[in-house]
Amino acid sequence: MRQLIIGFCLMCGAVASTPAQVSVGIGMSMPGLSIGINLPFYPDLVRVPGYPVYYAPQVDANFFFYDGMYWVFQDDNWYASAWYNGPWDYVDPFYVPVFVLRVPVRYYRVQPPYFRGWRDDAPPRWGEHWGQGWSRGRPGWDQWNRRAAPPPAPLPTYQRPYSGEHYPQQEQQQRSLRDQHYRYQPRDPVVRQYQQRPPAQQSAPEPDRQRPAPQPDATRRDQPERPHGQVQGQGHDQGQQGQARDKNRDKDDGRGQGRKPPHGKDKD
């Protein structure tokens, strides 16, 4: 009983310190955040019926597992981690996978006030909450064929023995354990890019929305623009184009540079 009381006090202290810790990562995609979730052991995860997502009914948080990663919605922000106790990365709403966004309202254990009045069996109205800009960037996020939903990823039960002082805090150690015990490869392109990024990379993954047109290659940025249909290596005036054509015609003659000799000096 005494241990339960001490554990409860520690959890309350962690929650009380959450706002100051979470505010560090707002809008910055900073890795390695502590968001006040400090579970004493590996949580029991239950599948959301009909979805490739799990939730934690015994955790007092909006705690989900999808495609090999944990996802938490807290203080109007999304966070992700490969381990159940973090550290967590802030995830912009544009980057959250659609199947996580589609989880019905009833599976959110700590619902924000604006959830009131929304249907329990439908996903939150993210477009209404985040505005038209978000809706334009995530078209069709709530429209999908339920029969074509992918199977859920296997649970990372290899993390069960790691709790308390045995929990790995360093990302490199966490990655090493995952590579040894968890062979699952994510299917979602956002999750795959997120997991495979180098440890030193600080940027968030590309969202599953229309990407902007690529910028010109840096090695060609200072070169003049070529006319339509012209390939690299050709000149810009008609005389140089004629030389290129002469070069192709004279290949069989064996002339050094392929240039046509002066008029009247052709060989017999």
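1. Start at the turn between S3 and S4: this hairpin has two residues between its strands, and Asp 67 there takes a positive phi near 55°. Keep in mind that this is a predicted model. The two strands, S3 being residues 62-66, run antiparallel and are joined by five bridges. If you want pairs to click on, Tyr 66 has Met 69 as its bridge partner in S4, and Phe 64 stands opposite Trp 71.

2. The next hairpin along has a similar story to tell. S4 and S5 also have two residues between them, and here Asp 75 in the turn shows a positive phi of about 50°. S5 covers residues 77-81 and pairs with S4 in the antiparallel sense, over five bridges. Across this pairing, Phe 73 stands opposite Trp 78.

3. On the other side of S3 there is S2, and those two pair in the antiparallel sense over three bridges. Their hairpin has six residues between the strands. Tyr 54 finds its bridge partner in S3 at Phe 65.

4. Which faces of S4 are covered? Both of them. Met 69, Trp 71 and Phe 73 are buried on one side, while Tyr 70, Val 72 and Gln 74 are buried on the other. That accounts for six of six residues in the strand, which spans 69-74. As background, side chains in a regular strand alternate between the two faces of the sheet.

5. S3 gets comparable treatment, with five of its five residues buried. Asn 62, Phe 64 and Tyr 66 point one way, and Phe 63 and Phe 65 point the other way.

6. Now the packing. The largest nonpolar core has 29 residues, and Phe 64, Trp 71, Trp 78, Tyr 108 and Trp 126 have the most contacts inside it. Elements giving two or more residues to this core are the strands S2, S3, S4 and S5 plus the helices H3 (98-101) and H7 (189-196). The largest share comes from H3, with four residues. Another core, of 26 residues, lies apart from this one; among its members are Leu 33, Val 59, Tyr 84 and Leu 177. In general terms, nonpolar side chains tend to be buried together in soluble globular proteins.

7. Trp 71 deserves a look by itself. Leaving aside neighbours within four places in sequence, its contacts include Asn 62, Phe 63, Phe 64 and Tyr 66. Trp 71 also touches Trp 78, Tyr 79 and Ala 80, along with Val 91, Pro 97, Val 100 and Val 191.

8. Aromatics are everywhere in this note for a reason: the structure holds 31 aromatic pairs. One of them is Phe 63 with Trp 88, an edge-to-face pair at 6.2 Å centre to centre and 85° between the planes. Phe 63 sits in S3 and Trp 88 in the loop between S5 and S6 (89-91), so this pair ties together parts that are 25 residues apart in sequence. Both Phe 63 and Trp 88 are buried.

9. A second ring pair is Trp 130 with Trp 134, whose centres are 5.4 Å apart; the planes are at 50°, so the pair is tilted. Trp 134 counts as buried because its relative accessibility is 4%. Both rings belong to a cluster linked by ring pairs, which also takes in Phe 64, Phe 73, Trp 78, Tyr 108, Tyr 114, Phe 115, Trp 118, Trp 126 and Trp 141. Separately, Arg 102 lies over the face of Phe 99, at 4.7 Å from the ring centre.

10. How many salt bridges are there? The count comes to three. Arg 175 and Glu 171 meet at 3.2 Å, N to O; both lie in helix H6 (171-181), four residues apart, or about one turn of the helix. Arg 175 is buried, with a relative accessible area of 15%, whereas Glu 171 is partly exposed at 29%.

11. The remaining bridges are easy to list. Asp 121 and Arg 119 meet at 3.0 Å, N to O, with Asp 121 partly exposed at 38% relative accessibility and Arg 119 exposed at 54%. Glu 128 and Arg 125 meet at 3.7 Å, N to O. Here Glu 128 is exposed at 56% and Arg 125 is partly exposed at 38%.

Conventions:
Residues are numbered from 1 along each chain as its sequence is written. This is a predicted model: local features need pLDDT of at least 70, side-chain atom pairs count only at pLDDT 80 or more; totals for chains, interfaces and linings use all residues. Side-chain values use heavy atoms; hydrogens and water are left out. Buried means under 20% relative accessible area, exposed over 50%, partly exposed in between (1.4 Å probe, protein chains only). Two strands pair if DSSP finds at least two bridges between them. A nonpolar core is a set of buried Ala, Val, Leu, Ile, Met, Phe, Trp, Tyr and Cys residues joined through side-chain atoms within 4.5 Å. Contact means heavy atoms within 4.5 Å. Rings of Phe, Tyr and Trp (its six-membered ring) pair if their centres lie within 6.5 Å; planes under 30 degrees apart count as stacked, over 60 as edge-to-face and the rest as tilted. A charge sits over a ring if NZ of Lys or CZ of Arg is within 6 Å of the ring centre and within 35 degrees of the ring normal. A salt bridge is a side-chain nitrogen of Lys or Arg within 4 Å of a carboxyl oxygen of Asp or Glu.
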